[in-house]
Amino acid sequence: MKSYIGRSLPRVEDERLLRGDGRYLDDIALPGMLHVAVLGSPHAHARIRAVAVEDADAVPGVVRVFSGEDIRAISEPLRGIPSGWTNHALAVERVRYVGEPVAAVVAESRYAAEDGRDRIRVEYEALPAVVDPAEAVTDHVVLHPAKGTNTLYHRRFTFGDVEGAFASAERIVRLECRWGRASGNPVETGGCICRWDSHDGLMTVWTNMQAANFLSPMVATQLGLPADRLRIRRPDTGGSFGAKVAVWKYVALVGLLAQQVPDRPLKFVEDRVEHLRASSSHGPDRRYEAEAAVDAGGRVTALRVKCLDDLGAYSERRPGMAVKPLTGLSGCYEIPALEYDVRCVVTNKCPQGAYRGFGIHAHNFVVERLMDTVAGELGLDPVAVRLRNFIPPERFPYVLPTRLGRYDSGDYPKLLRHLCDVADYARLRAWQAEERVKGRLVGIGVATTVEIGGYFDNALYAALDLGPAGPIPEQVKVGLAADGHVDVHVGYGSEGQGQDTVVTQLVAHVLQVDPEQIRVHHHDSGDVPNSFGTGGSRMAVALAGALGGALAALGRQILDHAGRLLERSPAELELDAQRAVVRGRPEIGVDLKRIASQAGAPIEAQYTWPAPELRGDEFPLSYLTAACAAHLVVVEVLPTTGQVRFLDYHIAEDCGTVLNPQVVDGMTQGAVAQGIGQALYEQYLYDDEGQLLTGSWMDYLVPTACEVPATKKSRIVTPSPYTAFGVKGTGESAMNTTPAAVANAITDALQDRGFAANALPVRPDAIWAAMRAAGRR
Amino acid sequence: MARMTVSGESLFPLERQRVWALLNDPAILARCAPGCEDLEKVGDTFNGRMKIGIGSIKGTYRCQVRIAPAQAPDAYTLTIVGKGPLGSLQGEVQFTLTSRETNLTELRYEGQVDVGGVIASVGQPLLKSVSDYQAKQFFERLNQELTARSSAAGGQAER
Amino acid sequence: MKPPAFRYHDPRTLDEVIALLGDHGDDCKVLAGGQSLVPLLNLRLARPAVIVDVNRVAALGVIAEASDGGLRIGALVRHRELVRSDLVRRRLPLLRDAARCIGHAAIRTRGTVGGSIAHGDPAAELPGIVATLGAEIRIRGPMGERSAPAATFYTGPMTADLAADELITDVLLPPAPAGAGWAFEEVARRHGDFAVVGVAVLLALGRDGRIGHVRIGVIGSGPVPLKLTNVEGALVGETPGDGVFAGAAEAAAASVDPHSDLHASAAYRRHLVGVLLGAALATAVERARLAVTPR
């Protein structure tokens with residue numbers, strides 16, 4: 001038996017993509033295709049008085065021009081949760097952020113469409129913009145008059161005796177944090193091609209929208225279509241990181257336009273400026289006040305976190321990112337009493353959408369900064385404080401006091417000790433002390449996290465009145481082809497994580513076939529198999545579950561056929577090296593090609609992983625697995641310029657059974673890059689008028705390979721008791737840890753220089769200014 | 001809309017009433033405003049075309065300039081509304097004139113200009129230095145104009 | 001992100017270029033490396049009616065030794081060629097070090113010397129070198145050839161003494177004194193970004209070890225690239241040392257009037273001018289003392 005699990009099989013996707021043979025949305029050119037350009041609002045907040053399109057209509061090549069009123073006549077406002085906090089696909093009556101779509105031009109080319117767009121005249125009546133979320137809370141200016149308030153969601157969750165714990169605390173440690181607005185910014189922007197076939201009453205959509213199957217019923221409703229009249233086809237996708245969930249609003253818009261311009265495909269692809277200012281995919285934008293009740297030994301007995309989240313202008317999906325922290329509220333720590341006060345307000349900025357980590361990443365930053373602050377105030381080592389507060393290994397499965405999260409398994413002390421061993425923490429601290437005497441500002445930062453995932457259950461959101469409930473199954477179909485290949489039919493979209501590779505490995509492992517003999521086929525929505533797609537770190541778990549079931553069934557059929565050919569009982573047989581053989585006598589067997597060609601009927605199996613409903617005692621538990629990660633970062637802050645240099649970066653992870661270490665490492669390194677962006681570079685900045693100031697990649701600073709250090713990765717393995725093969729969902733843990741580890745390291749480096757990295761991103765001029773001010777005192 | 005604040009001061013070798021009069025002269029404003037192609041006075045409003053540009057980024061804006069003489073000759077407010085291929089701009093600038101000594105008037109200005117369109121979100125680091133530069137150009141030219149007038153006026157006085 | 005329609009010409013000779021520029025003047029834009037112009041076209045911020053693509057004018061792509069021992073660099077020379085040129089390495093390593101800081105490899109491969117100088121971004125490296133060294137910018141227009149001195153070439157941010165119907169043909173960089181030391185120091189938010197602040201230094205020591213010749217330029221700290229003549233003047237005749245460097249750094253910081261933007265405050269920029277100048281002077285002096293020939 002050959003094991004394919006745990007091997008770094010080269011990604012099966014790579015050769016085709018690296019050769020330039022990928023086919024992305026904008027590569028698709030359909031006969032008769034028209035192009036759409038969208039006019040965005042120059043105002044953050046204004047009434048639309050009039051939209052004059054005649055001049056645009058007259059531009060050669062322009063087919064039709066649409067305003068918000070045209071869209072209002074044919075559809076409802078964009079669906080949103082909670083309802084009533086959205087606009088139409090083209091703004092009606094009011095615009096609420098710079099770049100909000102106001103009009104759309106359909107033309108023979110994108111050039112002509114943009115020429116037409118230049119000629120649209122919109123008359124606005126400017127309204128005062130609400131930019132500061134603290135000001136939004138006051139409701140002096142209200143964005144959605146029908147709601148009468150800018151507070152879209154506010155709830156305080158209290159679990160355990162928080163009051164009592166704070167009243168009896170030896171010490172209370174407080175912290176204020178700011179988490180800057182950043183986003184996924186995939187290299188390929190979002191878009192779609194929609195074709196309305198008037199004869200068949202069928203809408204075909206080519207799109208890079210993430211979670212396309214999951215979102216397609218919502219899109220169909222928006223377009224006034226029964227679900228089976230919408231067909232979604234997915235080309236290769238150049239990254240998403242959550243950002244392309246929001247592409248659904250473009251599918252809704254272009255779909256509506258396509259119904260008005262029937263039988264011709266309409267293409268719209270965001271340009272970078274549109275993506276940055278109007279993609280509805282900005283991540284969390286938060287202010288935090290946090291406090292910990294601590295005993296004399298550094299044990300945290302209660303945690304209070306108050307979060308004000310700036311959602312931007314609309315809730316086109318739901319404030320889900322603000323409530324997800326409930327599923328991992330105390331991070332890796334056993335804290336008996338927890339309080340989370342979360343308030344989401346609307347402001348005149350681009351709406352939030354999903355961003356990798358889905359909001360728990362910002363929360364974990366606060367928890368991990370707080371742990372370091374506890375250590376600092378008590379004069380303890382940050383590693384020691386963490387070890388003192390970790391959930392002990394014997395407490396798993398661990399149900400959080402929130403009853404909204406359950407961690408399946410883990411050994412956090414072992415993981416952190418492993419990290420400290422690998423990095424030689426004791427030696428590093430000694431070295432740091434020596435270097436500091438020489439005047440070098442070197443700092444060491446540690447951060448840990450759980451990465452809840454492995455599949456999620458919408459029950460959490462249902463319990464909070466934020467959408468419908470329901471577990472999300474995963475379906476696959478497998479078959480043995482007459483030529484001996486194994487065909488795998490999947491329904492997920494591929495944004496680059498390497499799912500096809502993992503699928504290939506699982507099939508090779510169970511059926512004992514060469515990876516070269518396995519073909520992975522992607523399908524349109526509507527065809528089997530159904531899949532949510534990527535999201536919530538679910539693919540390894542969901543695919544292992546689905547393939548586990550399907551391959552078991554396929555294997556039984558293969559052995560049944562082989563038994564007939566070999567005149568043996570299938571129970572005597574096993575699969576080995578492309579053959580079915582007699583157990584213990586591998587020379588007696590028959591190869592898969594022959595089995596397939598002589599079967600007389602297709603050998604295939606389909607399986608739907610049911611995605612267990614995660615009901616807890618009182619609340620849904622929401623996520624199936626909890627991976628864990630610990631980071632240790634060594635930085636140097638340059639005293640003259642405030643610049644931060646990375647000297648070393650160690651990562652230890654425990655994501656249960658690892659299917660492909662290289663795929664896991666790749667996802668982790670990508671999340672490290674995004675974490676460094678969050679910590680030091682990336683931020684959507686708005687001025688007081690609500691104008692986005694970082695409107696291009698010259699000013700919105702995505703870190704490049706030069707800014708992201710190589711990391712030394714290692715792992716321990718605590719298999720999940722709940723999943724096939726013991727796998728756990730992983731890929732985005734570094735979103736939770738990197739910003740905190742970097743901030744902790746910078747703070748450690750500047751321990752006596754008057755700077756704590758509590759507001760991200762940290763700019764060198766801010767570090768310099770703080771050092772200068774401290775030097776003057 | 002992106003907001004740029006403009007502020008500064010300039011000294012003119014003329015008495016205040018003269019500076020005031022010249023600042024209300026469309027011909028002079030047209031000569032001093034960078035890129036101004038024409039300017040005509042219609043009632044209390046100046047209508048004109050201004051070519052505003054920097055490097056390859058340029059466009060002709062149709063502008064309406066209005067001067068509200070709050071307290072002639074001490075202070076006035078200038079508002080400007082413009083539309084062009086790159087987007088829109090609108091601004092409001094307060095001017096204060098103070099006599100420093102005979103034939104020496106200090107002009108202080110303070111206000112903001114809001115710029116809309118793509119330039120506002122992608123040209124951010126540029127806008128401030130450009131607006132400062134354009135304001136500086138305007139006042140330099142104004143100073144030249146006024147200085148020329150003052151020497152002419154001085155010549156007259158001698159005669 | 002598609003440009004409005006324009007007419008496109010790709011002449012083969014300089015005379016044709018000048019004739020086209022003369023015909024279209026203000027409606028016309030020269031396309032060289034396209035690293036600034038093409039994004040501006042696509043954003044529709046630049047809307048020229050005519051594009052004159054000069055990439056096929058071979059005569060503009062030459063790096064040569066000038067008669068005075070300096071360098072004559074053609075407008076179409078790519079930044080990457082500055083980095084790789086043996087002549088530049090031997091004669092003016094300061095230029096090579098500055099060119100290395102321009103963008104990323106892809107940008108250096110396309111971007112041109114003439115384009116960067118004409119564009120005149122006050123935070124860009126080559127305009128900074130032009131200002132530092134007092135280069136002579138050679139220009140052709142319908143009236144013929146002329147030379148513009150660096151000192152008065154830039155009149156404002158991205159605004160130069162260059163008419164719409166004129167073309168930069170080459171730039172003359174004066175020879176560095178024998179045994180000159182140099183340094184180019186820059187702080188940018190990310191690798192390859194425009195400088196927050198950059199400082200260029202070229203200096204030579206006399207036999208007595210005193211500073212005999214010094215050129216100092218600063219980018220990213222004003223509407224145009226700066227040459228710090230006052231600081232240069234104060235340094236001449238001084239014996240290099242930490243105190244002298246610190247004094248020069250302080251004087252430099254005091255003499256600039258930088259702006260705040262998204263990436264750095266004005267105070268930080270001013271501080272960096274001093275820090276970078278101090279470091280650059282130290283490096284340049286060390287190189288001058290060793291008379292190091294770069295590898």
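Counting over all chains, the structure holds 85 salt bridges. Keep in mind that this is a predicted model, so every value here is computed from predicted coordinates. A handful of those salt bridges make good signposts, but let's get a feel for chain A before following them.

Chain A runs to 777 residues, and a compact globule with that many would have a radius of gyration near 28 Å; the chain comes out at 27 Å, which agrees. If you lay the C-alpha trace along its principal axes, chain A spans about 90 × 70 × 50 Å. The secondary structure of chain A is a mix of 21 helices and 29 strands. As for packing, 64% of the residues of chain A count as buried. Take the contacts in chain A between residues at least 6 apart in sequence, and 80% of them join residues at least 24 apart.

For a sense of distance, start at Glu15(A), which sits in helix H1 (residues 14-18) of chain A. With a relative accessible area of 52%, Glu15(A) is exposed. Go from there to Tyr314(A) and you have moved 299 residues in sequence and 41 Å in space, C-alpha to C-alpha.

Now for some salt bridges within chain A. Asp14(A) pairs with Arg11(A), with an N to O distance of 2.8 Å. Asp14(A) has a relative accessible area of 24%, so this residue is partly exposed; the cut-off for buried is under 20%.

Is the pair Glu474(A) and Arg538(A) buried or exposed? Glu474(A) has 0% relative accessibility and therefore counts as buried, and Arg538(A), at 1%, counts as buried too. Their side chains meet in a salt bridge at 2.8 Å, N to O. What does this pair tie together? Glu474(A) belongs to strand S19 (residues 474-480), while Arg538(A) is in the loop between strand S21 (518-522) and helix H17 (539-566), so the salt bridge ties together parts of chain A that are 64 residues apart in sequence.

Glu574(A) and Arg583(A) form another salt bridge, at 3.6 Å from N to O. Here Glu574(A) is partly exposed at 23% relative accessibility, and Arg583(A) is partly exposed as well, at 48%.

Next, step across to chain C. The contact between the two chains takes 31 residues from chain A and 25 residues from chain C. Together, chain A and chain C bury about 2300 Å², with 59% of that on carbon and sulfur atoms. There are also four salt bridges between chain A and chain C. One to look at joins Glu114(A) to Arg44(C), with the closest N and O atoms 3.5 Å apart. Polar contacts across this interface come to 18 residue pairs, counting pairs with both residues at pLDDT 80 or more.

Which elements give two or more residues to the side of chain A that touches chain C? They are helix H4 (110-118), helix H9 (272-278), helix H19 (661-681) and helix H21 (764-776) of chain A. H4(A) supplies the largest share of that side, five residues. Sorted by class, the side of chain A that touches chain C has 15 nonpolar, five polar and eleven charged residues.

Glu114(A) and Arg44(C) also turn up in a wider network of salt bridges, whose other members are Arg110(A), Asp115(A), Arg117(A), Asp118(A), Asp271(A), Glu274(A) and Arg47(C).

Chain C meets chain B as well. Here, 17 residues of chain B are in contact with 16 residues of chain C. The area buried between chain B and chain C is about 1600 Å², and carbon and sulfur atoms give 66% of it. How many salt bridges cross between chain B and chain C? The rule finds one: Asp26(C) meets Lys51(B) at 2.5 Å, N to O. One residue pair is in polar contact across this interface, again with both residues at pLDDT 80 or more.

On the side of chain B that touches chain C, at least two residues each come from strand S3 (45-54), strand S4 (57-71), helix H3 (118-122) and helix H4 (124-158) of chain B. H4(B) gives the most, with six residues. By class, this side of chain B has eleven nonpolar, four polar and two charged residues.

Technical notes. Residues numbered from 1 in each chain as written. Chains lettered and ligands numbered in written order. Heavy atoms only, no water. Contact = heavy atoms within 4.5 Å. Buried area = accessible area lost by both parts, 1.4 Å probe. Polar contact = N/O pair within 3.5 Å; in protein donor to acceptor, adjacent residues only side chain to side chain. Helix = DSSP H or I, 4+ residues; strand = E, 2+ residues; numbered from the N terminus. Nonpolar A, V, L, I, M, F, W, Y, C, P; charged D, E, K, R; others polar. Rg over C-alpha atoms; globule rule 2.2 N^0.38 Å. Buried < 20%, exposed > 50% of the residue type's maximum accessible area, 1.4 Å probe, protein only.
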